[in-house]
Amino acid sequence: MGNKVITIGRQFGSGGRDIGKLLSEKLNVPYYDKDLVSMAAEKSNMDTEVLRSADEKAANSFLYSLVNSNPIKGINTMYYDMPINDKLFIAQSEVIKSVAAKSSCIIVGRCADYILEDTDAMCVNVFIHAPLGFRIERVAKDLSITKPQAKDKIIKTDKKRRSYYNYYSNREWDKIENYDLCIDSSKISFEEAAELIKSYVVMRDEG
């Protein structure tokens, strides 16, 4: 069996990123999130800022049918005609497989659960969610914006993440059957959520 990889899907404002970082410290394993974009840029020789603008956003292109069979192989001849979103997905997929093969780690978002399903990695797929009111409070405070602005940002960001995940994986982003563990981050502290995931990973390992 390969390395242990915890993938974290998250609703915007639910604290998925914070929980992932805490879990990284508890397990003493690397944490990957936005740095996957710069790693993909380096691998593909594309501009980092251009790729950041396309991060976790679906493209309107023909790649949909291709990624359902294989998100990486067999499309090199079409690569240069693809939208930047598709190029980023391909490059990021290669990076995700590479870091998962290198060591146990935590990966936030970016269809990592789907990308790694046919690899040797032992994946624990987690989804972090919370009621809208809880998330509005957090986002408004963290970004120093009004609650209506926070609500609007949450709705738009979740819509983008859902479209991205559904498009590239042909699955439903917030469907519980796609995950091993779903946690409502409003019910327990982020520290406790990270500890819960750690305990689950240990039990899976011992089972």
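Which residue stands opposite isoleucine 107 in β3? Select tyrosine 32 and you have found that partner: tyrosine 32 stands opposite isoleucine 107 in β3. Keep in mind on this tour that you are looking at a predicted model.

**Stop 1: the sheet**

Show the strands as a cartoon and colour each one. You should see an open sheet of five strands in the order β2-β3-β1-β4-β5, with parallel pairing. At its edges are β2 and β5, each of which pairs on one side only. Now return to the place where we started: β2 and β3 run parallel and are joined by two bridges.

**Stop 2: the nonpolar core**

Next, select Val5, Ile96, Ile107, Cys111 and Leu116. These are the residues with the most contacts inside the largest nonpolar core, which has 27 residues. The elements giving two or more residues to this core are α2, α5 (84-102), β3 (105-108), α6 (112-115), β4 and α8. The largest share, seven residues, comes from α5.

For a view from inside, centre on isoleucine 96. Leaving aside residues up to four places away in sequence, isoleucine 96 touches Leu36, Ile107, Arg110, Ala112, Ile115 and Leu116. Another core, of 19 residues, lies apart from the largest one, and includes Val29, Met122, Phe190 and Ala194.

**Stop 3: helix α2**

Now select residues 35-44, which make up helix α2. Which residues of α2 are buried? They are Leu36, Val37, Ala40, Ala41 and Ser44. Turn the helix until you look down its axis: the buried residues fall within an arc of 140°, so they line one face of α2. A general point about helices helps here: an α-helix has 3.6 residues a turn, so residues three or four places apart point the same way.

Pick out alanine 40 in this helix. Alanine 40 has 0% relative accessibility and counts as buried. Try a distance label from its C-alpha atom to that of phenylalanine 89: the separation is 8.8 Å, although the two residues are 49 places apart along the chain. Just after α2 comes asparagine 45, whose phi is positive, near 60°.

**Stop 4: aromatic rings**

Show the aromatic side chains. The whole structure holds six aromatic pairs. One of them is formed by phenylalanine 127 and tryptophan 173, which meet edge-to-face, with 5.3 Å from centre to centre and 85° between the planes. Phenylalanine 127 lies in strand β4 (residues 122-129) and tryptophan 173 in the loop between α8 (147-169) and β5 (181-184), so the pair ties together parts that are 46 residues apart in sequence. Are these two residues buried or exposed? Both phenylalanine 127 and tryptophan 173 are buried.

Then add Phe89 to your selection, along with Tyr164, Tyr167 and Tyr168: these four names form one aromatic cluster. You have met phenylalanine 89 before, at the other end of the distance from alanine 40.

**Stop 5: salt bridges**

Finish with the charged side chains, where the count comes to 14 salt bridges. Start with aspartate 33 and arginine 17, whose side chains meet at 2.3 Å, N to O. Aspartate 33 lies in the loop between β2 (31-32) and α2, and arginine 17 in helix α1 (residues 16-27), so this pair ties together parts that are 16 residues apart in sequence. Aspartate 33 is buried, with a relative accessible area of 3%, whereas arginine 17 is partly exposed at 26%.

Move on to glutamate 195 and lysine 26, a salt bridge whose closest N and O atoms are 2.9 Å apart. Here the partners sit in two helices, glutamate 195 in α9 (residues 190-206) and lysine 26 in α1, 169 residues apart. Glutamate 195 is partly exposed at 33% relative accessibility, and lysine 26 is partly exposed at 25%.

The next pair to select is aspartate 174 and arginine 162, which meet at 3.1 Å, N to O. Aspartate 174 is in the loop between α8 and β5, while arginine 162 is in helix α8, 12 residues away in sequence. Aspartate 174 is partly exposed at 35%, and so is arginine 162 at 31%.

For a last look, select Arg17, Asp33 and Arg110 together: salt bridges that share partners join these residues into one network. Arg110 is also among the residues touched by isoleucine 96, back at the core.

How values were computed:
Residues numbered from 1 in each chain as written. Predicted model: local features only at pLDDT ≥ 70, side-chain atom pairs only at ≥ 80, totals over all residues. Heavy atoms only, no water. Phe/Tyr/Trp six-rings, centres within 6.5 Å; stacked < 30°, edge-to-face > 60°. Helix = DSSP H or I, 4+ residues; strand = E, 2+ residues; numbered from the N terminus. Buried < 20%, exposed > 50% of the residue type's maximum accessible area, 1.4 Å probe, protein only. Core = buried A, V, L, I, M, F, W, Y, C linked by side-chain atoms within 4.5 Å. Contact = heavy atoms within 4.5 Å. Arc of directions from axis to C-beta. Salt bridge = Lys/Arg side-chain N within 4 Å of Asp/Glu carboxyl O. Pairing = 2+ DSSP bridges.
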